[in-house]
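Visitor: Pick one part of this protein and walk me through it slowly, please. I'd like to see how it is held in place, and then how the rest of the chain is tied together.

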Amino acid sequence: MRGRGSGSLPFKWIVVLCIASFFLGMLCTNRMWIVPETTDLILVSQERRTSGQKFQIISEPCEMTYNSNNMGAKNTLGEISKTHQATRTLDSTMSLSNTEIDRVQGVQAVAFNSSPDSDISIGRSVEGREKAFAVIGINTAFSSRKRRDSIRQTWMPQGEKLKKMEQEKGIVVRFVIGHSATPGGILDRAIEAENSQHHDFLRLEHVEGYHELSAKTKIYFVTAVSIWDANFYIKVDDDVHVNLAALTMVLSRHRSKPLVYIGCMKSGPVLAQRGVRYHEPEYWKFGEEGNKYFRHATGQLYVLSNGLANYIFKNQEMLHKYANEDVSLGAWFIGLDVEHIDDRRMCCGTPPDCEWKAQAGNPCVASFDWACSGICKSAERIWYVHERCGEGESAVWNATF
């Protein structure tokens, strides 16, 4: 028994070996479990390093440039960015400018390419507008019904004759009026009823008023240009007698000129005193007290060529209005290369003045009384002026221009 027991390990060593085996097993087990996680971490780390190397390779030229040029490169990049932004802005501006240039060139083509031998093609549409030789706007007021009727019965054709004159001669005649301070009121309804009968009004987006004549004049030309593409645009008061054939013959002589301003040129005093007729509130702009205005056409009748009317149309928002409409019109052309034509046939006196000239074979374009700035009591007396100074109903139909 003793011999068999001598070959076995003592009990305490067995216990020690068991504990050592347990810890060894735990150690080995933990190591085998950790290895896959460590491997994954290593792979992720390698991927990150590889990705970092890729990013570094891609960005390396910029990094190298930045490092070599330091802050100079930063400023260069900033300037490049500003240059690109400025280029885009310039492209946009040039695009808008080209559009505006095309529009202006289109207006200039109409304004400057007219000649005495050119075919104006009456009634043919140009840019959506009706073609005409002359557009005559008769400035009138709500209270001037009798004046309008007297004009219809003397120098202005009516009904079918008015349409025929537009179609065959290219002469458009309209009474020009805006709206009352109460839109749709009795005054506006009266004009609408009158227009439904005669069809000879041009209504403006304008509130009527004596002290608003400068604004009304500008709006008239703007409106006329938007509707008709004419060689000439005329404004005349409703207390003036006009010979249409004589007017068209005068205009035909200046048809080839792009920028003409025709009328009876004057240079009256600048009235600084308050309360007087034609008082100029901005008198101080014209120099010392007692000075005179620059040359401008008297307001009873004046003519603008296509180019000048289009100039008003294009620059309407920036044109300053003085108290007197004829002064305002003359002021708008200061600084432009405009030919002022002083034609005294546009400001003849009433008989005997216009009568003598008619008998001499030189009929007046317009006749009125200077004392009244129109024909005195025109609703009654325009008949007399027409009989003495009128050119005859057939004159405008026989006129060639």
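Guide: Two strands pair if DSSP finds at least two bridges between them. Keep that in mind, and keep in mind too that this is a predicted model.

Let's stop at strand 5, residues 228-237. How many of its residues are buried? Strand 5 is mostly covered, with 10 of its 10 residues buried. As background, side chains in a regular strand alternate between the two faces of the sheet.

Now for its partners. Strand 2, residues 129-139, runs parallel to strand 5, and 9 bridges join the two. With at least two bridges needed for a pair, those 9 mean that strands 2 and 5 qualify. If you want a spot to click on, take Ile136, whose bridge partner in strand 5 is Ile234. Strand 8, residues 296-305, is joined to strand 5 as well, this time antiparallel and through 5 bridges. Here you can look at Val236, which has Leu301 in strand 8 as its bridge partner. So strand 5 pairs with a parallel strand 2 and also with an antiparallel strand 8.

Step back for a moment to see the setting. The protein chain holds 13 helices and 10 strands, and buried residues make up 39% of its 401 residues. Among contacts with a separation of 6 or more, 75% are between residues 24 or more positions apart. The accessible surface comes to about 23,400 Å², with 57% of that belonging to carbon and sulfur atoms.

As for what ties the chain together covalently, the count comes to 4 disulfides. Start with Cys264 and Cys347, whose sulfur atoms sit 2.0 Å apart. That falls within the 2.5 Å cut-off, so the pair counts as a disulfide. The angle about its S-S bond is -95°, giving a left-handed link. Cys264 belongs to strand 7 (residues 260-266), while Cys347 is in the loop between strand 9 (339-342) and helix 11 (353-359), so the bond ties together parts 83 residues apart in sequence. Both ends are covered: Cys264 is buried at 1% relative accessible area, and Cys347 counts as buried at 8%.

Right beside Cys347 in the numbering comes Cys348, which bonds to Cys364 with the sulfur atoms 2.1 Å apart. The torsion about that S-S bond is about -90°, so this disulfide is left-handed. Cys348 lies in the loop between strand 9 and helix 11, and Cys364 in the loop between helix 11 and strand 10 (366-367), so the pair ties together parts 16 residues apart in sequence. Cys348 and Cys364 are buried.

Helix 11 itself takes part in a disulfide too: Cys354 is joined to Cys389, S to S 1.8 Å. With 55° about the S-S bond, this link is right-handed. Cys354 sits in helix 11 and Cys389 in helix 12 (residues 378-389), so parts 35 residues apart in sequence are tied together. Cys354 is buried, and so is Cys389.

How are the bonded cysteines paired when you number them in sequence order? The pattern is 1-2, 3-5, 4-8, 6-7.

Technical notes
Residues numbered from 1 in each chain as written. Predicted model: local features only at pLDDT ≥ 70, side-chain atom pairs only at ≥ 80, totals over all residues. Heavy atoms only, no water. Helix = DSSP H or I, 4+ residues; strand = E, 2+ residues; numbered from the N terminus. Buried < 20%, exposed > 50% of the residue type's maximum accessible area, 1.4 Å probe, protein only. Contact = heavy atoms within 4.5 Å. Areas by Shrake-Rupley, 256 points an atom, 1.4 Å probe, with all protein chains shown as cover.
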